Amino acid sequence: MQDITIMIPQRGGAVPEVWEALGAAGVNIEAAVSFSRENHRVVHVVVDDADADRAAQVLTAANLLIVDEREVLIVPIEDRPGGLAAVARTVYDAGADVYLLSMATGDRVMLGCVNLETAREALGL
């Protein structure tokens, strides 16, 4: 999975425009994070590897600034108290440095790790 990070203007309707552009292009969003920072919004859009180039083209064509692209993991979790804690503990105990974590669609969590292969191995992916 690929995490495409963009910066967009801090204005009403800007975030839905991102989702609409990707949807119109047939790009499925696996996970997303959006938050305000000073006078703009930072948006993380996670897409399947097969959709990453198309997603980047759509975002660029919409005049959105792509500031980073990284591989991330989408990990199934148990939908129960402590399910996320179990995944997080496994990754941290393996020595993988998590820089981004967000819930994904379904019973899954998105992890961005500095040591991605370490996390992948620890989780048996």
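## Exposure and a first salt bridge

A residue is called buried when its relative accessible area is under 20%, exposed when that value is over 50%, and partly exposed in between. Arg54 has 33% relative accessibility and therefore counts as partly exposed. Please keep in mind that this is a predicted model.

Arg54 makes a good starting point, as its side chain forms a salt bridge with Asp51. The closest N and O atoms of Arg54 and Asp51 are 2.6 Å apart. Is Asp51 buried or exposed? Asp51 is buried, because its relative accessibility is 12%. Arg54 also falls within the span of helix α2, residues 52-61, and that helix leads us to the sheet described next.

## The four-stranded sheet

Let us turn to the sheet of four strands. It is open, with antiparallel pairing, and its strand order is β2-β3-β1-β4. Which strands stand at the edges? They are β2 (31-37) and β4 (65-71); each has a single partner strand, so one side of each is left without a neighbour in the sheet. On average, and with direction ignored, neighbouring strands here are turned by 15° against each other.

Six bridges link β1 (residues 2-9) with β4 in the antiparallel sense. Within this pairing, Ile4 has Glu69 of β4 standing opposite. Helix α2 packs on the sheet, where it touches β1, β3 (40-47) and β4. The direction of α2 makes about 5° with that of β1.

The loop between β2 and β3 is worth a look too. Asn39 lies in this loop, and with a relative accessible area of 60% it is exposed, because that value is over the 50% cut-off. How many residues separate Asn39 from Ile8 in sequence? The two are 31 residues apart along the chain, while their C-alpha atoms are 9.3 Å apart in space.

## The three-stranded sheet

There is also an open sheet of three strands, again with antiparallel pairing, in the order β5-β7-β6. Its edge strands, β5 and β6, each pair on one side only. Neighbouring strands in this sheet are turned by 25° against each other on average, direction ignored.

Strand β7 (residues 108-113) is mostly covered, with five of its six residues buried. On one side, β7 pairs with β5 (residues 73-76) through four antiparallel bridges. Two residue pairs illustrate this match: Leu73 stands opposite Leu111 of β7, and Ile74 stands opposite Met110 of β7.

β7 is also joined to β6 (residues 98-103), by five bridges, and these two strands run antiparallel. Here the bridge partner of Met103 is Val109 in β7. The hairpin of β6 and β7 has four residues between the strands. Which residue in the hairpin takes a positive phi? That is Gly106, with a phi near 70°.

## Helix α3 and a nonpolar patch

Helix α3 (residues 83-93) lies across β5, β6 and β7. It runs at about 25° to β7.

Leu84 is in this helix, and it takes part in a nonpolar surface patch together with Leu101 and Met103. The patch covers about 240 Å². Why does Leu84 count as partly exposed? Its relative accessible area is 32%, and values between 20% and 50% are classed as partly exposed. Met103 ties two parts of this picture together: it belongs to the patch, and it is bridged to Val109 in β7.

## More salt bridges

How many salt bridges does a search of the whole structure find? It finds eight, and the pair of Arg54 and Asp51 was described above.

Arg70 and Asp68 meet through their side chains in a salt bridge with an N to O distance of 2.6 Å. Arg70 is partly exposed, its relative accessible area being 38%, and Asp68 is likewise partly exposed at 26%. Glu78 and Arg80 form another salt bridge, at 2.9 Å from N to O. Arg80 counts as partly exposed, with 39% relative accessibility. Finally, Glu71, Glu117 and Arg120 are joined into one network by salt bridges that share partners.

Technical notes. Residues are numbered from 1 along each chain as its sequence is written. This is a predicted model: local features need pLDDT of at least 70, side-chain atom pairs count only at pLDDT 80 or more; totals for chains, interfaces and linings use all residues. Side-chain values use heavy atoms; hydrogens and water are left out. Two strands pair if DSSP finds at least two bridges between them. Axes are lines fitted to C-alpha atoms, for helices over the stretch in contact, and angles run from 0 to 180 degrees between N-to-C directions. Contact means heavy atoms within 4.5 Å. Patches are made of residues with over 30% relative accessible area and no salt bridge: like charges are joined within 9 Å, nonpolar side chains (Val, Leu, Ile, Met, Phe, Trp, Tyr) within 5 Å. Accessible areas come from the Shrake-Rupley method with a 1.4 Å probe; for residues, only the protein chains shown count as cover. A salt bridge is a side-chain nitrogen of Lys or Arg within 4 Å of a carboxyl oxygen of Asp or Glu. Buried means under 20% relative accessible area, exposed over 50%, partly exposed in between (1.4 Å probe, protein chains only).
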